[in-house]
Each structure stands twice: as C-alpha cells, then as structure tokens.
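I opened this entry to write down what I looked up in the structure. The notes follow the order in which I checked things.

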Amino acid sequence: MTIQEQLLKGISKAFETLFDHKIDPSDLALQPTRKEFTGHYTFVLFPYSRITKSSPEQSARRMGEYLVSEVEPVGGYNVVKGFLNISIKDQYWLDIFRSLVQNGQYGQFPPNGQKVMVEYSSPNTNKPLHLGHLRNNFLGFSVSEILKANGYEVIRANLVNDRGIHICKSMVAYKHFGNGETPESSGLKGDHLAGKYYVLFDTHYKKQVAELMEKGIPGDQAKKSAPLMKEAQEMLFQWENGDEEVIGLWKTMNAWVYEGFDATYERMGVAFDKFYYESDTYLLGKDLVEEGLQKGVFFKKEDGSVWADLQDEGLDEKLVLRADGTSVYITQDMGTADLKYRDFRIDQSVYVVGNEQDYHFEVLFKILKKLGRPYGEGLYHLSYGMVDLPSGKMKSREGTVVDADDLIQEMLDTAAAHTEALGKIEGFSEEQAHELYEMIGMGALKYFLLKVDPKKRMLFDPQESIEFQGNTGPFIQYTHARISSILRRAEQTGLLLAAERFENPSAIMDTETQLIFLLNTYEDKIQLAGEEHSPAVIAQFLFDLAKEYNRFYAELPIFNETNGNAQAFRIALSAQVARTLRSGMKLLGITVPEKM
RNA sequence: GGCCUCGUAGUUCAAUGGAUAGAAUAGAAGUUUCCUAAACUUUAGAUACAGGUUCGAUUCCUGUCGAGGCUACCA
C-alpha cells in the first residue's frame with residue numbers, strides 16, 4: 001500500500017470515528033503541500049464542514065491528532081485555516097526510497113492485456129514535412145511510449161495520404177516543368193523535389209486564374225476552369241481508372257517522397273509498426289454504409305445520397321455517401337477504422353490529428369458507436385493546436401512554413417555552436433561530438449514542442465531559436481550528465497559500491513525528502529499522462545525533478561561529507577534521480593547523455 | 001450568422017473549485033580551491049472586461065470585447 005493510500009484510508013476512518021460519517025477513501029483527495037508550508041501532503045477540510053459540524057480549523061486539528069496516533073507513517077501535522085498539512089516520518093521516506101531503488105520494474109507497469117493503436121504523422125505525399133508535423137510526430141511517438149509504460153501493447157500506425165487532387169497537382173506540374181529531374185540529378189531530397197512542383201503548380205495556376213479574371217470571368221468560375229486545375233482533375237480521374245502512365249509517374253514520385261520521409265523520420269527518432277495507404281483504403285467503408293442503412297443508423301434521401309442523422313446527439317446531418325454512390329472522406333475513415341480492428345483486434349484507438357478536425361472526429365466516433373463497433377468506446381482523438389509563428393499562421397502557399405528538415409538542421413547547428421563555445425567537447429571524437437549535438441539539438445526541439453499542453457495552440461519563434469537554459473530539454477540532459485559525472489567519480493573512489501548497499505543516515509535533510517517525494521510520484525505522472533495522453537505532464541515533472549536536484553547539489557556536499565552513511569545515501573539518491581530522468585525522457589523520445 | 005477552442009508577468013508556458021496565482025526567459029544584484037557555471041542565490045513584475053453561483057473562482061454559469069478553428073456531395 002502506498003503512503004497516499006494509507007493516508008486516505010486513515011482519513012476515511014477518521015471521518016467515521018470522529019464525525020460518524022462514512023466516506024470511501026477513493027472519494028477523498030490529497031494534494032502535495034505547497035512549498036511555503038511545512039508538511040508533505042495536504043488535506044482540505046472546507047468541503048466537509050457540514051459533515052463535521054464544526055469549523056474546518058477545529059476538525060482539521062482533531063483529524064490531525066487522530067492521524068498521528070492511528071496512522072503509523074504520520075509524524076506530525078499543522079493546521080492553517082482549513083488546510084491540514086501532514087508530515088511523514090523520515091523513516092518512511094527512507095523505506096520508500098529503498099523500495100524505489102530495488103524496484104526493477106520502476107517506471108514500467110505490467111501488461112494490462114489491452115491493445116491500442118496510435119495513429120500519427122499521416123503526411124501528404126505532395127510536400128515535405130513542416131513544423132506542424134513535428135508536433136504531431138513527437139506527440140504520437142511520445143504517447144505511444146507512455147502507453148507502453150502503462151502496460152498497453154501499442155501499435156504505431158501511419159496512414160499515408162498518397163492519393164488525391166493535391167498529389168495530382170505536383171504530378172501535373174512535374175509533367176510540364178520537370179524535364180526528367182530526379183532527386184539524384186537535382187540534389188534535392190525526394191519530398192522537397194515533389195514539394196517544389198506543388199509550389200510551381202500553385203504559382204502557374206494563380207497566374208492562369210488572374211488571366212481569366214482579367215477577361216471578366218468571375219473568381220469562382222476562373223478557379224474551376226483554369227487549364228491546370230482541369231488537367232489535375234483529369235489526372236485524378238485517370239489515376240482512378242488505372243491509367244498506366246499516370247500510375248507510373250505517381251509511383252515514381254511517391255517513391256521519391258517516401259525516401260525523403262524515411263530520412264526525416266529517422267532523424268526525428270520516430271518509428272511505425274504499420275503503414276496504411278489511402279490508395280488502398282479510399283474505397284473502404286461502403287459496406288458499413290449498407291450495414292448502417294439496415295440498422296437504421298443512416299437514411300437515404302430522394303436523390304440516393306446517404307446521410308447519418310446525428311441531431312439527437314446535438315450534431316447535424318452528415319453525408320456518408322454521395323448520390324452517385326461514391327464515398328466521401330468520412331466513409332473512408334469508417335472503413336479504415338474497421339480495417340484496423342480486423343488487422344489487430346485493438347481495444348482502443350488514438351488518432352493524433354490537429355484540432356481543425358475536431359468536428360470530423362466527433363462525428364466519426366459517434367457514427368462508429370451507433371454502428372455498435374466493438375472498439376467504439378475506445379476511440380480517442382488526441383487533438384492538438386496549431387504551431388504559430390510570430391509572423392502569424394504558417395501557409396505553405398505563401399512560403400511561410402518552417403520546413404522540418406531545415407529546422408532540425410538549424411537546431412543541430414545551434415547546439416554545435418553553443419557546445420563548442422562552452423568548450424564542452426574536449427576529449428570527444430568527431431563522431432561523439434556529432435552524436436552529442438544531435439542529442440542536444442533534438443532534445444531541445446522535442447522538449448520545446450512537448451512541454452505545452454497539446455490542445456493549446458503554441459507559438460514558435462525560429463529567430464530566437466530554442467533556448468538551452470531554463471525549462472528546456474538540455475537543462476534536464478545537463479542535470480543527467482552531471483549526475484553521471486558524480487557517479488563516475490564515485491566509482492573511481494569505490495563509493496559506488498557503498499552506495500549500492502547504503503545504510504540509512506541518522507537524519508535526512510529537507511531537500512532529500514523533497515527529492516524522494518518527487519521520485520515517489522513519478523509513476524503517478526506516467527499514469528496520469530497515459531489517461532490524458534499528455535507528455536506535457538511528464539515534461540513538467542522532469543523539469544521539477546531536475547531543478548530540485550540542482551538545488552540539492554548546490555546546497556549539500558557529496559564528496560566532502562565525513563559521515564559515510566550520509567555520503568553513500570546521497571550518491572544512491574543521485575543515481576536514482578538519474579534513473580528517473582533517463583526513464584522519463586525516454587517517454588518523450590529524448591535521449592540523455594552521460595557527458596556534456 | 002451558427003458551433004467549437006482559447007484570452008494569465010514584457011515574452012513563452014503552469015495551476016483535479018483551495019492557502020500569499022507558480023515557473024522559465026528577458027531586466028536588476030550576487031555566487032566558481034567538492035563532483036560539470038548549459039548551474040545556483042536574491043529582486044521586481046500578471047488572471048481581457050462586467051455580472052452571477054459559494055466558505056473560496058484563473059477554473060463553473062451569463063453577457064461584452066479580442067484571437068483562432070470548423071461550418072464542401074474537398075481530402
């Protein structure tokens with residue numbers, strides 16, 4: 001039983017014996033005591049004044065007395081207004097610490113028998129990845145790691161949007177202006193090459209529209225009738241009919257793009273267990289429409305189009321099949337959801353997709369539930385906000401996007417320049433130095449994008465680059481590197497062995513208690529993050545831990561300590577902090593260096 | 001127009017309805033003979049506005065103002 005559980009049980013008992021009122025421990029909540037006050041856990045009595053029939057302050061005192069005498073780990077208490085601050089005896093912190101150190105499964109919960117698919121990344125194959133994709137990929141990868149740590153079996157999926165009008169645009173432009181250019185001949189990464197033609201299409205298309213409008217054709221009509229657009233639509237039609245030449249070009253260009261994506265994914269450190277391609281799935285879902293009609297979930301209008309009526313759910317009617325019998329986006333998503341289930345028998349499904357699709361997923365999930373899908377209750381849209389630039393929104397057509405490859409390179413360069421300026425790479429080989437830059441640059445970028453609550457839109461200022469001080473990835477990496485350095489020295493002096501079987505010091509300091517307190521909450525954070533699908537919870541925790549450790553390190557001597565027990569204990573505590581930092585950063589997809 | 005998010009120090013972010021609204025950064029002032037100064041210490045600075053709910057509101061409700069998104073027989 002954890003210390004929190006013991007406390008809650010004690011409080012529940014206190015309510016029963018002191019105030020003659022039964023409250024289940026699971027209905028009670030403790031919070032960590034704020035720094036300005038003494039104590040470890042705080043229980044708030046205000047809400048219970050009706051039950052206790054006395055002032056919150058009085059009842060807090062009585063409860064404090066009760067807990068001190070009845071709950072073994074409680075060493076003392078103090079009351080401020082209706083807040084009961086409970087202190088735990090040192091001995092119990094030491095016991096907790098010992099059990100954390102000895103727990104071989106620390107940070108990893110046993111398998112829970114549940115299978116979950118996390119779909120993320122899901123790029124279009126007509127242009128390279130940008131800053132928004134980075135947030136998506138880091139979130140998806142991190143959430144997968146967190147779910148694994150929570151005991152889920154995780155399948156990471158990437159649904160590649162490899163067909164449609166946008167790809168045809170790139171293809172049309174390539175046909176006109178390509179002159180047989182290839183990634184090899186141009187020296188461009190495949191995805192950037194395709195992106196170049198997408199931009200070319202747009203510039204020429206805009207020119208055509210402007211010309212038509214000058215001739216007096218209204219804007220709407222001009223957009224539809226511009227020759228390039230017509231050509232793109234014609235090409236889409238040919239693609240759907242399996243035209244050999246079109247399919248050939250499509251395959252060639254997509255292959256270039258995949259090669260480019262693979263390189264970027266590898267640099268980002270993300271991976272997938274299963275790829276789905278829209279060219280395979282875009283016709284799926286019609287059988288579900290049929291099933292829905294039979295079940296009465298859908299209805300047919302006079303023109304033959306099929307609709308889902310979600311007005312009882314507070315939503316509108318939604319089209320699921322066109323009058324001509326062709327499917328729409330949501331039809332395909334319904335079919336793909338079923339396909340995923342057939343492939344893996346998943347219990348849950350997480351979709352990492354931007355918040356502009358909130359409504360789409362709300363509708364999709366409601367439909368799937370109405371259709372009685374076995375996975376229907378386990379659907380979750382991990383919606384995240386856009387990444388804004390100081391100049392405003394990113395628009396690919398206006399060239400204001402921040403390219404993922406460029407940004408990553410810039411991060412590495414900045415990390416390299418910074419590291420060299422600080423003289424940190426003495427004794428490093430070229431290869432080691434490069435590895436370190438990569439760790440730091442990517443650590444900074446990942447941490448920066450993950451520390452913010454996913455659902456909020458966030459601002460990214462590429463000019464200021466990314467900080468290496470303060471609440472950043474490198475700060476945590478640095479803390480880990482320092483501890484590693486301490487452990488190396490401890491090993492040389494033979495202190496590490498002593499630390500491994502440390503004996504309890506006679507007294508422990510506040511900072512040490514605080515560190516153990518934090519270490520003890522690590523697994524709670526993992527579980528919380530799993531529930532909320534939020535790496536931000538873990539990022540914040542790691543920062544708090546690193547900061548607290550730095551304070552500890554600044555205040556307490558480690559190697560000057562004359563008391564052998566205290567010294568061994570501090571080294572053991574340092575080692576455990578390093579272990580937690582390593583474990584937590586792994587959940588964010590960030591590696592930590594031994595030396596920096 | 002309708003629907004959904006979001007407005008917190010100069011800036012970027014926190015805060016299951018709880019204590020004196022926390023951090024980081026930028027500003028000001030300090031700290032390197034133990035292991036790494038990418039660190040530490042001190043200092044100043046904020047809940048868009050107006051109501052309501054209650055012991056208590058950044059949080060819940062209503063309205064105003066402001067930012068963004070969705071509102072296609074596009075994907």
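**Arginine 345**

I started with a loop residue in what is a predicted model. Arginine 345 has 10 other C-beta atoms within 10 Å; the cut-off for exposed is 12 or fewer, so I logged arginine 345 as exposed. I placed arginine 345 in the loop between α14 (329-344) and β11 (348-354). Its phi is near 55°, which is positive in a residue other than glycine.

**Asparagine 179**

I then looked up another positive phi outside glycine: asparagine 179, at about 50°. Asparagine 179 sits in the loop between α6 (165-177) and α7 (183-186). I noted 7 C-beta neighbours inside 10 Å, so asparagine 179 counts as exposed.

**Chain A overall**

I listed 22 helices and 14 strands for chain A. The C-alpha trace spans about 85 × 65 × 45 Å along its principal axes. Of the 596 residues in chain A, 39% are buried. For contacts with a separation of 6 or more, I noted that 73% join residues 24 or more positions apart.

**Helix α5**

I went to α5, residues 131-149, and found 19 residues. From first C-alpha to last, α5 reaches 27 Å, close to the 27 Å expected at 1.5 Å a residue. Because 18 of its 19 residues are buried, I wrote α5 down as largely enclosed by the rest of the structure. Just after α5, glycine 151 takes a positive phi of about 100°.

**α5 against α17**

I checked how α5 lies on helix α17 (residues 430-450): the axes come within 9 Å and cross at roughly 85°. The two helices are therefore roughly perpendicular to each other. On the α5 side I listed Leu134, Arg135, Phe138, Leu139 and Ser142; they meet Lys446, Leu449 and Leu450 in α17. By class, I recorded 5 nonpolar, 1 polar and 2 charged residues in this contact.

**Surface near RNA strand B**

Which residues come nearest to RNA strand B? Of the 68 around the strand, I noted Phe46, Asp453, Met458, Gly470 and Ser485. The elements that give two or more residues to this surface include the strands β2 (41-44), β4 (83-88) and β14 (458-459). Among the helices on that list I have α15 (358-370), α16 (404-421), α18 (473-492) and α21 (535-555). The largest share, 8 residues, comes from α18. I split the surface by class into 31 nonpolar, 18 polar and 19 charged residues.

Conventions: Residues are numbered from 1 along each chain as its sequence is written. Chains are lettered from A and ligands numbered from 1 in the order in which they are written. This is a predicted model: local features need pLDDT of at least 70, side-chain atom pairs count only at pLDDT 80 or more; totals for chains, interfaces and linings use all residues. Helices (H or I, at least four residues) and strands (E, at least two) are DSSP runs, numbered from the N terminus. The expected span of a helix is 1.5 Å times one less than its number of residues. A residue is buried if 20 or more other C-beta atoms lie within 10 Å of its own, exposed if 12 or fewer, and partly exposed in between; C-beta atoms are placed from the backbone. A residue is near a molecule or strand if its C-beta atom, placed from the backbone, lies within 6 Å of it. Ala, Val, Leu, Ile, Met, Phe, Trp, Tyr, Cys and Pro count as nonpolar, Asp, Glu, Lys and Arg as charged, and the others, Gly among them, as polar. Axes are lines fitted to C-alpha atoms, for helices over the stretch in contact, and angles run from 0 to 180 degrees between N-to-C directions. Angles under 35 degrees count as roughly parallel, over 145 as roughly antiparallel, 65 to 115 as roughly perpendicular and the rest as oblique. Two residues are in contact if their C-beta atoms, placed from the backbone, lie within 7 Å.
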